[in-house]
Each structure stands twice: as C-alpha cells, then as structure tokens.
Amino acid sequence: MTLLLMAAGSGSRYGKLKQFDDLGPQGEFLMEFAMYDAIKNGFGHIVVITKKENVAFLQEHLEERLPEAIKLSVLAQEITDLPYGVEFTGERPKPWGTAHAVWTARNVIDGPFCVINADDFYGQSAYANAAKFMQEFTEDNHYALVGYTLKDTLSEHGSVSRGVCMTDGDNLISVDERLKLEQKGDKVVDADSGMEYTGDELASMNFWICRPSIFEVIETEFREFLADDHMIKTSELYIPKTIQKMLKDGLAEVKVVPSQDQWFGVTYASDREVAVASLEQKTSEGQYISPLWQ
C-alpha cells in the first residue's frame with residue numbers, strides 16, 4: 001500500500017510554505033504525522049509530490065527520518081510533464097492541479113494507494129480504515145473517500161473550500177465543490193452560491209483511496225484539457241472531478257469510509273496555533289512518540 005502526499009502548493013493564505021512548517025513538538029512537519037500513521041497501518045511506500053526546487057531538500061529530510069524498510073519517492077510536479085505527443089508553449093502561473101499531481105506518480109505506483117493533502121491532519125483511524133478497505137476490496141474499480149463531518153472541518157479565521165458529499169448509504173453519489181464556506185449561526189453557508197448546510201453533511205478533505213486505473217483516466221482528461229485554449233490559461237484538473245467522472249462512466253465504485261477521528265488543517269496563519277497545540281496534546285496523550293522518528 002502506498003501513501004501519496006500532495007505538497008506542491010504555495011501557501012498563499014498561510015503566508016509561507018506550510019508543508020514545511022515545524023508544527024510538531026520536535027519540529028516535525030505535519031506531513032510526517034501522516035507518514036507515521038500510514039506506516040503504523042502497513043503502508044510500505046511513501047510518495048511525495050512537490051515543487052522541483054524542494055525535491056532535494058525533502059528527499060534528504062525524509063531519508064534521515066523514515067524507517068529504512070520504507071520505500072520513498074519524492075517527485076516534482078512540473079508544467080512540462082505532459083502526455084506523450086502533446087506540447088504546451090504558453091505560460092501558466094501555477095501547476096495543472098491535483099489530478100495532475102497524482103498523475104505525476106504514474107511510473108512509481110502499481111498498486112492501491114491513498115491520496116492526501118500534505119498540510120492536513122486526518123487522524124490515525126483514517127489510515128487504519130483506509131488500509132482495511134484496500135485489503136477487503138481488491139478490484140481495480142474499487143475506490144473510496146474518507147469522509148469527515150462538514151462542521152468539524154471549518155476554520156475560525158476565514159472561509160474555506162470543501163467538497164460537500166451526497167451519499168446513498170456508504171456509496172458516494174457526488175461531491176459538490178463549495179469555495180467559501182463559513183459557519184453562520186447554526187448553519188454553514190457558502191458565500192459564493194448562498195447555499196446553506198446543516199453542518200452534519202459529509203465533507204471531502206481530499207483523502208482518496210485509488211487504484212492505478214486512475215492514471216489512464218487522468219491522462220485522457222489531461223489531453224482534452226490541453227486542447228482547450230481557454231482552460232489551459234488558469235483552470236486546473238481536480239482529483240474529485242476525475243473520480244466523479246469515473247463514477248458516472250461506470251469505471252469505479254466509490255465507497256465512503258468513515259474517518260472516526262478529528263481533522264484539522266492549516267489554511268490560515270492563525271490556524272498554526274491550533275495545529276501546534278493539537279499535536280502537542282496528542283503526543284502528551286501517547287498517540288505519538290517524541291521525537292516522532294526514533
């Protein structure tokens with residue numbers, strides 16, 4: 001089993017590269033706790049997708065810490081990484097998106113894998129439940145989403161973007177992307193659309209359980225994307241949209257796996273204090289050793 005961490009963001013709202021902020025009690029990055037939890041639950045391969053200028057640093061940093069038995073792949077998400085036979089000569093201010101980040105790992109992953117954001121904390125049970133799913137559901141069309149309660153994923157310091165899930169039992173029907181969600185009284189409101197939610201809905205925090213079959217689908221979508229002169233200027237390829245397309249086309253069955261744990265992230269600089277305190281508390285309670293890698 002492989003854990004793929006997306007760590008190529010710029011941290012514009014956070015004020016710096018939050019993926020490399022020393023949030024842990026001994027200066028650990030937040031992503032290191034995800035790696036620790038995954039390894040504890042039987043994951044043997046860690047893949048990190050980052051910017052080209054960060055590859056050497058991150059490779060050295062993690063090689064010094066991860067157990068020797070764990071395979072490590074640190075890859076650069078680059079604008080020039082295109083499908084065979086396709087050229088792009090224009091300019092873009094940012095990468096091609098999260099689906100492209102996943103596609104970056106197409107040559108190093110050949111089995112079931114989880115995709116997560118490197119700047120989110122998902123909780124230990126998320127990795128245990130994900131591992132259980134991958135061991136029980138082994139077909140190449142078996143996908144899943146680890147879901148969280150919407151009201152528990154908001155920030156006190158500003159609006160957030162979340163994928164609000166529609167489900168039928170434990171089957172995922174759709175993920176509705178909302179870009180400006182905030183708590184307003186006893187409701188969660190999207191400032192963009194005016195949509196209101198109770199807050200008890202399931203939210204996608206980009207913790208996906210995938211199979212290698214997704215790489216071919218992403219490449220097909222990417223080719224279509226690159227042929228659209230309007231989209232290539234600022235649009236992006238998003239992993240939730242890719243999986244929803246697979247669901248719609250009958251290429252995947254997508255289950256919703258409960259997290260049974262508390263999520264937190266560092267969207268804003270003000271979120272840092274909460275993250276540091278949460279990791280300190282979990283360490284003092286014995287959920288993590290300190291330092292994390294001994």
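Okay, so look at strand β11: the bridge partner of Gly 163 there is Ser 204. Keep in mind that this is a predicted model. Gly 163 takes us to strand β7, residues 160-168, which runs antiparallel to β11 and is joined to it by two bridges.

β11 has other partners too. Strand β6, residues 142-149, pairs with β11 in the antiparallel sense, over five bridges. If you want a spot to click on, Tyr 148 stands opposite Ala 203 in β11. Then there's β4, residues 113-117, again antiparallel to β11, over three bridges. There you can find Val 115, whose bridge partner in β11 is Trp 208.

So how many of the nine residues of β11 are buried? Eight of them, so to speak a mostly covered strand, running over residues 202-210.

One residue in that strand deserves a pause. Asn 206 is found in β11, and its phi is near 65 degrees, which is positive even though the residue isn't a glycine. For background, most residues other than glycine have a negative phi. Is Asn 206 buried or exposed? Its relative accessible area is 13%, and buried means under 20%, so Asn 206 counts as buried.

Next, helix α4, residues 124-136. With 13 residues at 1.5 Å a residue, α4 should span 18 Å, and its end C-alpha atoms are 19 Å apart, so that agrees. Its buried residues include Gln 124, Ala 126, Tyr 127 and Phe 133. What do the buried residues of α4 pack against? Our friend β11 is on the list, along with β4, β6, β1 (2-7), β12 (253-258) and helix α1.

That brings me to α1. Here 10 of the 11 residues are buried, so the helix is largely enclosed by the rest of the structure. Among the buried ones in α1 are Leu 30, Phe 33, Tyr 36 and Asp 37. And just after α1 you'll meet Gly 42, with a positive phi of about 95 degrees.

Let's stay with Asp 37 for a second, which sits in α1. Its relative accessibility is 2%, so Asp 37 counts as buried. Which residues does Asp 37 touch, if we skip anything up to four places away in sequence? The answer is Gly 123, Gln 124, Tyr 127 and Tyr 288. Also, have a look at Asp 37 and Ala 126: they're 89 residues apart along the chain, and their C-alpha atoms are separated by 8.8 Å.

Now for the rings. A search of the whole structure finds 18 aromatic pairs. Take Phe 33 and Tyr 288: the ring centres are 5.0 Å apart and the planes are at 90 degrees, so this pair is edge-to-face. Phe 33 lies in α1 and Tyr 288 in the segment after α8, so the pair ties together parts that are 255 residues apart in sequence. Both Phe 33 and Tyr 288 are buried. Ring pairs also link these two into a cluster with Tyr 36, Phe 121, Phe 264 and Trp 293. Somewhere else to look is Trp 103, where Arg 106 lies over the face of the ring, at 3.5 Å from its centre.

I mentioned α8, so let's do that helix properly. It covers residues 271-284, and those 14 residues reach 20 Å from the first C-alpha to the last, close to the 20 Å expected. Which residues of α8 are buried? They are Asp 271, Ala 275, Ser 278, Leu 279, Lys 282 and Thr 283. Those residues cover an arc of only 130 degrees around the axis, which puts them on the same side of α8. The general idea is that an α-helix has 3.6 residues a turn, so residues three or four places apart point the same way. On the other side of α8, Glu 273 and Ser 284 are exposed. And what covers the buried residues of α8? The cover includes α1 (30-40), β5 (120-121) and β13 (264-265).

Last stop, what comes after α8. The helix is followed by Gly 286, with a positive phi near 95 degrees. Further on in the segment after α8 is Pro 291, and the peptide bond joining Ser 290 and Pro 291 is cis, with omega about 0 degrees. As a general rule, most peptide bonds are trans. Okay, that's me done, thanks!

Notes:
Residues numbered from 1 in each chain as written. Predicted model: local features only at pLDDT ≥ 70, side-chain atom pairs only at ≥ 80, totals over all residues. Heavy atoms only, no water. Buried < 20%, exposed > 50% of the residue type's maximum accessible area, 1.4 Å probe, protein only. Helix = DSSP H or I, 4+ residues; strand = E, 2+ residues; numbered from the N terminus. Pairing = 2+ DSSP bridges. Expected span 1.5 Å × (residues − 1). Arc of directions from axis to C-beta. Contact = heavy atoms within 4.5 Å. Phe/Tyr/Trp six-rings, centres within 6.5 Å; stacked < 30°, edge-to-face > 60°. Lys NZ or Arg CZ within 6 Å of the ring centre and 35° of its normal.
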